[in-house]
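Reader: I'm new to this one and a bit lost. Could you pick a single part and take me through it slowly, and then show me how it sits in the rest of the chain?

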Amino acid sequence: KDFPEVSPYMTTAINNERNVSITVPNTDCLIPESDNIITVKWNKVSSLSAKTFVVQTENQFNSINEALIIFDAKDFSGKFDEMSPENITQVLDELFFSYLQLTREILKRFQKKGNGHFIFLLKGLPSLAEEIKITSGKAELGTEKNSLLVALAQQNFITLAENIAATLDNF
């Protein structure tokens with residue numbers, strides 16, 4: 001999640017004496033920086049941007065010990081309803097590639113240090129298929145659910161989290 005959606009998590013982290021490095025989609029986002037808060041512009045389709053985020057965080061705070069990675073399906077609700085080629089490409093870039101690249105860069109640092117903690121937070125929505133299973137074959141009108149593309153991205157996030165947890169258990 002980018003700022004401002006991440007504000008409640010940022011506040012909780014600061015109240016618990018954590019350093020916070022926040023991704024922002026552009027430099028127009030106004031976040032009051034302090035000794036324990038920095039913002040880093042993140043171009044989600046760039047592997048170099050993910051690496052820059054990690055390097056700037058390390059430069060500010062000397063190391064990364066914890067990483068909170070958030071997927072909130074409601075943020076994408078209605079945005080990717082149509083399965084157009086443009087939406088498919090955008091979902092792959094923003095909701096698959098970006099999470100993989102950022103996680104990869106942080107994982108490399110954790111492996112180099114020999115420790116570190118990931119927290120993957122999923123704020124999911126049911127897919128149409130899940131809702132049909134739950135409601136005995138009839139989808140309820142008016143309930144919020146994922147589009148096919150966001151449902152795929154949500155499942156990818158779950159798979160990423162599970163496999164990173166298994167990886168961290170092995171070092």
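Author: Let's start at asparagine 62, which counts as exposed because its relative accessibility is 68%, above the 50% cut-off. Keep in mind that this is a predicted model. Asparagine 62 sits in the loop between helix H2 and strand E3 (66–72), and it follows H2. Its phi is near 75°, which is positive even though the residue isn't a glycine.

Now step back into the helix itself. H2 covers residues 47–61, so to speak a stretch of 15 residues by the DSSP runs. From the first C-alpha to the last, H2 reaches 21 Å, close to the 21 Å you'd expect at 1.5 Å a residue. Over at its start, a side-chain oxygen of serine 46 comes to within 3.3 Å of the backbone nitrogen of leucine 48.

Which residues of H2 are buried? They are Ser49, Ala50, Phe53, Val54, Thr57 and Phe61. If you look down the axis of H2, these buried residues fall within an arc of 140°, so they line one face of the helix. Turn to the other side of H2 and you'll find Leu48 and Asn59, both exposed.

And what do the buried residues of H2 pack against? Their partners are two strands, E1 (20–24) and E2 (37–41), along with helix H3 (85–113).

Follow E1 back toward the N terminus for another residue with a positive phi. Glutamate 17 lies in the loop between helix H1 (7–15) and E1. Its phi is near 60°, again a positive value in a residue other than glycine. Glutamate 17 is exposed too, with a relative accessible area of 74%.

Finally, the wider setting. The protein chain has five helices and four strands, and from the N terminus on they run α-β-β-α-β-α-β-α-α. Of its 171 residues, 39% are buried. Take the contacts with a separation of 6 or more: residues 24 or more positions apart account for 61% of them. As for the outside, the chain exposes about 9900 Å², and carbon and sulfur atoms supply 52% of that.

So when you go back to the picture, try tracing H2 from Leu48, on its exposed side, round to Phe53, one of its buried residues, and then on to asparagine 62 just after the helix.

How values were computed:
Residues are numbered from 1 along each chain as its sequence is written. This is a predicted model: local features need pLDDT of at least 70, side-chain atom pairs count only at pLDDT 80 or more; totals for chains, interfaces and linings use all residues. Side-chain values use heavy atoms; hydrogens and water are left out. The expected span of a helix is 1.5 Å times one less than its number of residues. Buried means under 20% relative accessible area, exposed over 50%, partly exposed in between (1.4 Å probe, protein chains only). The arc is that of the directions from the helix axis to the C-beta atoms. Contact means heavy atoms within 4.5 Å. A polar contact is a pair of N or O atoms within 3.5 Å; within protein, one must be able to donate a hydrogen and the other to accept it, and residues adjacent in sequence count only if both atoms are side-chain atoms. Accessible areas come from the Shrake-Rupley method with a 1.4 Å probe; for residues, only the protein chains shown count as cover.
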